[in-house]
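Thank you all for coming. I would like to spend a few minutes on the charged side chains of a structure that may be new to you, so please have a look at it before I go on.

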Amino acid sequence: MLDELFSHIFPMYLHNHSNNMKLLENLWETNQDLVISTICELYKNDNKKENAINLSRVLDIAQVLKESLIPLTNWNDYDFAVPLAILAGKREFLHFEPWISDRIKNCGNPFLRAVLQYVEENLLIPIRLALKSTQNISYENFLEKAQLSKELLAFIFESIFLTTSSSKMSKRNF
């Protein structure tokens, strides 16, 4: 019941008002999991509720709440954590290469599927649709809309390759 009440009241404190930050800091120190799960739900409800929150605002909040970016990007809801980490990596708030390597190693296939799904839905499908409708497309625009850069995309595939290669090598040694 307390969680439900919190999820209804909390969105008011996520908007850009300086008085709210002290309260957010206190909530963060008291119950990080509740704060993260509520932010995650608000993000996932984007476009469905007036109190929804976008990833840019989540990053703004993470800049205020000390030591919050890693717990936010390591959250177990990959549909939230992956896009947040990609945006944070693009804005250079997160050391993306070690983060993604660590997450692939520690979370395995469910995380890997979420990363590949993000690339598919936010980059590959829009490119395929554009190729069907026009002949002159700029791939840079697609990367920008997907919150990706060439470097982040390279880190993603390099980490996948290195992780899957090393797991195949270790299996051969046993």
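Let me begin with a question: is Asp 77 buried or exposed? Before I answer, please keep in mind that what we are looking at is a predicted model. Asp 77 is buried, and its relative accessible area is 15%, which falls under the 20% cut-off for that word.

Asp 77 also has a charged partner, since it forms a salt bridge with Lys 44 in which the closest N and O atoms are 2.7 Å apart. This pair links distant parts of the chain, with Asp 77 sitting in the loop between helix H5 (69-73) and helix H6 (78-90), while Lys 44 belongs to helix H3, 33 residues apart.

Lys 44 takes part in another salt bridge, in which its side chain meets that of Glu 41 at 3.8 Å, N to O. Here both residues lie in helix H3, which covers residues 32-44, and they are three residues apart, about one turn of the helix. Lys 44 is partly exposed at 35% relative accessible area, and Glu 41 is likewise partly exposed, with a value of 39%.

Turning to another pair, the side chains of Arg 128 and Glu 120 meet in a salt bridge of 2.8 Å, N to O. Arg 128 is partly exposed, at 44% relative accessible area, and Glu 120 is partly exposed at 27%. As for shared partners, Glu 41, Lys 44 and Asp 77 are joined by their salt bridges into one network.

Across the whole structure, the search finds five salt bridges, and those I have described are among them.

Technical notes: Residues are numbered from 1 along each chain as its sequence is written. This is a predicted model: local features need pLDDT of at least 70, side-chain atom pairs count only at pLDDT 80 or more; totals for chains, interfaces and linings use all residues. Side-chain values use heavy atoms; hydrogens and water are left out. A salt bridge is a side-chain nitrogen of Lys or Arg within 4 Å of a carboxyl oxygen of Asp or Glu. Helices (H or I, at least four residues) and strands (E, at least two) are DSSP runs, numbered from the N terminus. Buried means under 20% relative accessible area, exposed over 50%, partly exposed in between (1.4 Å probe, protein chains only).
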